[in-house]
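Please walk me through the structure shown below, one part at a time. I would like to know how its helices and strands fit together and where its charged side chains meet.

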Amino acid sequence: MSDAALWGALADPHRRAIVALLLERPRPVGEIVEACGLSQPSTSKHLRVLREAGLVRVRQDAQRRVYALDPAPIAALDAWLAPYRARWNRSLDALGRRLDGTGETPDDT
């Protein structure tokens, strides 16, 4: 799994919707098709991209293919975002302290 494949897979809104569905629980292809409102071939293409990026796993259940999220790439994304999240939180905390210290009310304008 390359970073480019991971980011590329998540760049598409349909694939993000599929990831959100799979966050709830594993689902068969037919259920994903119905929930996303896409055609079966289109959904299969999106699932292939997600699978090749390592974001989802597939298992055969009789005649159905059931897809589930693979948590490892999501954890890698979370780790990559952690320093940015910390910086944003510090900036937002500083802004909150600044706004709390102004003492202005809407009537002061």
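In this predicted model, the buried residues of helix H3 pack against helix H2 (13-24), S1, H4 and S3. Helix H3 spans residues 29-36, and its buried residues are Val29, Ile32 and Val33. Seen down the axis of H3, these residues fall within an arc of 100°, so they line one face of the helix. Just after H3 comes Gly37, which takes a positive phi of about 70°.

Two of the partners of H3, S1 and S3, belong to a sheet. The sheet is open and has three strands in the order S1-S3-S2, with antiparallel pairing. S1 and S2 are the edge strands, each of them pairing on one side only.

The pairing can be followed strand by strand. Strand S1 covers residues 27-28 and strand S3 covers residues 64-69; they run antiparallel and are joined by two bridges. Arg27 has Tyr67 in S3 as its bridge partner, while Pro28 is partnered by Val66 in S3.

On the other side of the pairing scheme is strand S2, made of residues 56-61, which runs antiparallel to S3 and is joined to it by six bridges. One example of a partner in S3 is Arg65, which bridges to Gln60. S2 and S3 form a hairpin with two residues between them. In that turn, Ala62 has a positive phi of about 60°. As a general point, the side chains in a regular strand alternate between the two faces of the sheet.

Helix H4, residues 40-52, lies across S2 and S3. The direction of H4 is at about 120° to S2. H4 is also among the elements against which the buried residues of H3 pack, so the description returns here to the helix it began with.

The charged side chains come next. Side chains of opposite charge can pair when their charged atoms come close. Counting a side-chain nitrogen of Lys or Arg within 4 Å of a carboxyl oxygen of Asp or Glu, the model has six salt bridges.

One of the salt bridges lies within helix H4. The side chains of Arg48 and Glu52 meet there at 3.8 Å, N to O. Both residues lie in H4, four residues apart, which is about one turn of the helix. Arg48 has 37% relative accessibility and therefore counts as partly exposed, whereas Glu52, with a relative accessible area of 57%, is exposed.

A salt bridge also joins the side chains of Arg64 and Asp61, at 3.1 Å, N to O. Arg64 is partly exposed, with a relative accessible area of 43%, and Asp61 is partly exposed as well, at 32%.

Elsewhere, salt bridges that share partners join Glu24, Arg25, Arg27 and Glu31 into one network. Within this group, the side chains of Arg25 and Glu31 meet in a salt bridge of 2.6 Å, N to O. Arg25 counts as partly exposed because its relative accessibility is 40%. Glu31 is likewise partly exposed, with 25% relative accessibility. Arg27, another member of the network, is the residue whose bridge partner in S3 is Tyr67.

Key: Residues are numbered from 1 along each chain as its sequence is written. This is a predicted model: local features need pLDDT of at least 70, side-chain atom pairs count only at pLDDT 80 or more; totals for chains, interfaces and linings use all residues. Side-chain values use heavy atoms; hydrogens and water are left out. Two strands pair if DSSP finds at least two bridges between them. Contact means heavy atoms within 4.5 Å. Axes are lines fitted to C-alpha atoms, for helices over the stretch in contact, and angles run from 0 to 180 degrees between N-to-C directions. Buried means under 20% relative accessible area, exposed over 50%, partly exposed in between (1.4 Å probe, protein chains only). The arc is that of the directions from the helix axis to the C-beta atoms.
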